[in-house]
Amino acid sequence: MTKDTMATPARRRKFPGGDAFDGRTGTALDVVLELSPKWAICRDDYQWIIAEQHGEGWKGRKYITGRDHLLKRIGELVPGARKGALEQIRAWPEYFAIWA
């Protein structure tokens, strides 16, 4: 699957809770997929980030480069994740470096 043929989620999407930011560095993140009203998948230049709504924005909680690991952590942190979101993630490349 090439970057041109894979379904890439919209980048820099803003959710009602505010923009995403990295809890460690305070830098802005791209929100790529909402998992639930409280959780989203974000990205930076190096990895996917499971982010939790925090005040007016989103705070990075887990930083992951592999799709299977991402799905495992979502299962642990966000048991009520939207099924459509999980199916979309399963269609992503195995590693972030391929997707970025």
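This section walks through the salt bridges and aromatic ring pairs of a predicted model.

Charged contacts come up first. Searching the whole structure turns up six salt bridges. One of them brings Arg-43 and Asp-30 together through their side chains, with N to O at 3.4 Å. Arg-43 sits in strand 3 (residues 39-43) and Asp-30 in strand 2 (residues 28-34), so this contact ties together parts of the chain 13 residues apart in sequence. Neither end of the bridge is out in the open: Arg-43 and Asp-30 are both buried.

Another salt bridge joins Asp-68 to Arg-67, and here the closest N and O atoms are 3.5 Å apart. The two ends of this one fall into separate burial classes. Arg-67 has a relative accessible area of 17%, and since buried means under 20%, it counts as buried. Asp-68, with a relative accessible area of 49%, is partly exposed; the cut-off for exposed is over 50%.

Helix 2 holds a bridge of its own. The side chains of Arg-90 and Glu-87 meet at 2.9 Å, N to O. Both residues belong to helix 2 (residues 83-90), where they are three residues apart, or about one turn of the helix. Arg-90 is partly exposed, its relative accessible area being 44%. Elsewhere in the list, Lys-38, Glu-52 and Arg-61 are joined into one network by salt bridges that share partners.

Now for the rings. The count of aromatic pairs comes to two. In the pair formed by Trp-48 and Trp-92, the ring centres are 5.5 Å apart and the planes make an angle of 25 degrees, so the arrangement is stacked. This contact links distant parts of the chain, as Trp-48 is in strand 4 (residues 48-54) while Trp-92 is in the loop between helix 2 and helix 3 (96-99), 44 residues apart. Both tryptophans, Trp-48 and Trp-92, are buried.

Trp-48 also pairs with Phe-96. Their ring centres are 5.3 Å apart with the planes at 90 degrees, so this pair is edge-to-face. With Trp-48 in strand 4 and Phe-96 in helix 3, the contact ties together parts that are 48 residues apart in sequence. Burial is clear-cut for these two: Trp-48 has a relative accessible area of 0%, and Phe-96, at 1% relative accessibility, counts as buried as well. Put together, the ring pairs link Trp-48, Trp-92 and Phe-96 into a cluster.

Methods: Residues numbered from 1 in each chain as written. Predicted model: local features only at pLDDT ≥ 70, side-chain atom pairs only at ≥ 80, totals over all residues. Heavy atoms only, no water. Salt bridge = Lys/Arg side-chain N within 4 Å of Asp/Glu carboxyl O. Helix = DSSP H or I, 4+ residues; strand = E, 2+ residues; numbered from the N terminus. Buried < 20%, exposed > 50% of the residue type's maximum accessible area, 1.4 Å probe, protein only. Phe/Tyr/Trp six-rings, centres within 6.5 Å; stacked < 30°, edge-to-face > 60°.
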